[in-house]
Amino acid sequence: MLKLSYDNGPLIVFWETTKACELKCIHCRASAIESRSPEELTTEEAKNLFGQLAQLARPPVLIMTGGNPLIRDDIYELIKSASSAGLPVAISPAVSQKLNQDSLTIMKNAGAKFMSISLDGLSSTHEKIRGISGVYQETIKAINDGIKSGITVQVNTAVMKINYMELPMIFKVIYDLGIKIWEVFFLIQTGRGSELLDLTPEEYEAVCNFLYDASQYNVQIRTVECPFIRRVLKERSEGKKCTSPIYRKLNEELVKQMGEPISQSTLGQRGTLDGDGIIFIDHKGTIYPGGFLPLPIGNVRNDDLVKVYRESSLLKSIRNRSFNGNCGTCKYRWECGGSRARSFAYFGDPLGSDPACILNSPVHI
Ligand code: SF4
């Protein structure tokens with residue numbers, strides 16, 4: 001049994017710097033709006049937040065997300081402030097005119113260590129999802145510009161019905177670009193994502209097994225809202241094979257694109273869950289267990305974030321794996337634990353079972 005130990009502080013803090021964004025991606029968590037809200041945290045309030053986080057024995061990675069963080073005119077000052085306070089800073093900008101070689105150089109000089117760029121498909125699929133013609137080439141340019149600037153670039157991909165069979169080709173594209181971190185998001189029915197059809201548990205299982213294979217090419221594979229990949233990791237390392245025809249197709253395409261595997265799996269055995277290593281602060285300062293779990297547990301304008309993280313009864317239940325249903329008794333609950341956001345979205349219970357996991361699908365119960 002692997003006991004996670006993020007009781008004293010989060011590993012990663014997501015801060016939604018603004019909800020404003022130029023793009024209208026169909027799966028947007030934030031359901032982004034066109035202009036900035038007057039209720040956003042001010043520069044000083046944000047700096048106060050950085051100060052709280054910097055006091056932790058192990059300062060967390062601060063991910064400045066949005067909306068498009070580059071819409072804030074104080075963004076470089078904020079990166080510098082957080083970085084100077086001792087927080088490793090990552091930024092998730094939208095591909096827009098504000099993201100260019102000049103802005104990347106300023107971000108790098110201000111202390112940004114990581115940048116994530118979303119690539120959700122090959123050319124036409126990516127543009128369909130982003131809702132803008134020509135954005136595929138701009139995305140590739142942004143990735144190359146980021147690499148040139150010296151910031152570590154991570155590519156994010158959201159898995160959906162309309163793109164999951166393209167995953168091997170997307171992987172080949174990012175591998176050839178020289179990307180070393182690929183973060184794959186499994187959808188939660190929230191924001192604009194709720195308009196899309198989710199994958200079935202069988203399809204998710206095939207994708208997890210594909211990601212295990214893809215993790216054997218020296219690229220670090222991370223997932224969001226897909227904790228059961230750690231069950232798959234355990235099963236695969238014990239020799240279990242996936243027999244799904246969907247997996248077989250994904251695997252065949254991967255080998256066609258990439259050749260035979262060249263490394264051990266880069267998947268981490270120790271993961272995070274919403275509230276267990278992860279915390280999310282929205283643009284108004286409201287604290288949530290994660291960006292896809294809309295249960296407010298405080299506000300950084302009035303509350304000490306670290307105290308809320310440590311003392312919230314919901315977060316303690318998540319960290320103690322006090323779950324209802326199958327996830328509560330599953331032998332993989334310490335490594336996995338199921339997506340708390342998906343359990344809430346489907347059942348209204350953040351401590352219920354994750355309906356995307358094949359162990360919770362009717363054929364297995
Ligand atoms: S049943 Fe729950 S804890 Fe077990 S592997 Fe599936 S999602 Fe994870």
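Helices, as I use the word today, are DSSP runs of H or I with at least four residues, strands are runs of E with at least two, and both are numbered from the N terminus. With that in place, one detail of this predicted model can be located: G67 lies in the loop that connects strand 2 (61–65) with helix 2 (75–84). The peptide bond between G66 and G67 is cis, with omega at about 15°.

Let me turn to the overall picture. The protein contains 13 helices and 11 strands. Its radius of gyration is 20 Å, close to the 21 Å that the globule rule gives for 365 residues, so the protein is as compact as a globular protein of that length. The C-alpha trace spans about 55 × 45 × 35 Å along the principal axes. Of the 365 residues, 58% count as buried. Among contacts with a separation of 6 or more, 74% are between residues 24 or more positions apart.

As to the surface, the accessible area is about 15000 Å², and carbon and sulfur atoms hold 51% of it. There are 42 positive and 40 negative charges, and their mean positions lie 4 Å apart.

I would now draw your attention to strand 9, residues 277–281. All five positions, 5 of the 5, are buried, so this strand is largely enclosed by the rest of the structure. Which strands pair with strand 9? Strand 1 (residues 12–16) does so in the parallel sense over 4 bridges, and within this pairing W15 has I281 as its bridge partner. Strand 8 (residues 273–274) also runs parallel to strand 9, joined by 2 bridges, with D274 opposite I278. Strand 10 (residues 286–288), in contrast, is antiparallel to strand 9, again with 2 bridges; here F280 is partnered by Y288. The hairpin of strands 9 and 10 has 4 residues between the strands, and G285 in this hairpin adopts a positive phi near 95°.

Finally, two backbone angles deserve mention. E225, in the loop between strand 7 (220–224) and helix 8 (229–237), has a positive phi near 55° although the residue is not glycine. Is E225 buried or exposed? With a relative accessible area of 9%, E225 is buried, the cut-off being under 20%. R321 has a phi near 60°, likewise positive in a residue other than glycine, and R321 sits in the loop between helix 11 (313–319) and helix 12 (325–329). R321 also counts as buried, at 3% relative accessibility.

Methods: Residues are numbered from 1 along each chain as its sequence is written. This is a predicted model: local features need pLDDT of at least 70, side-chain atom pairs count only at pLDDT 80 or more; totals for chains, interfaces and linings use all residues. Side-chain values use heavy atoms; hydrogens and water are left out. The radius of gyration is taken over C-alpha atoms; the globule rule is 2.2 Å times the number of residues to the power 0.38. Buried means under 20% relative accessible area, exposed over 50%, partly exposed in between (1.4 Å probe, protein chains only). Contact means heavy atoms within 4.5 Å. Accessible areas come from the Shrake-Rupley method with a 1.4 Å probe; for residues, only the protein chains shown count as cover. Lys and Arg count as positive and Asp and Glu as negative; His and the chain ends are not counted. The place of a charge is taken as NZ of Lys, CZ of Arg, CG of Asp or CD of Glu. Two strands pair if DSSP finds at least two bridges between them.
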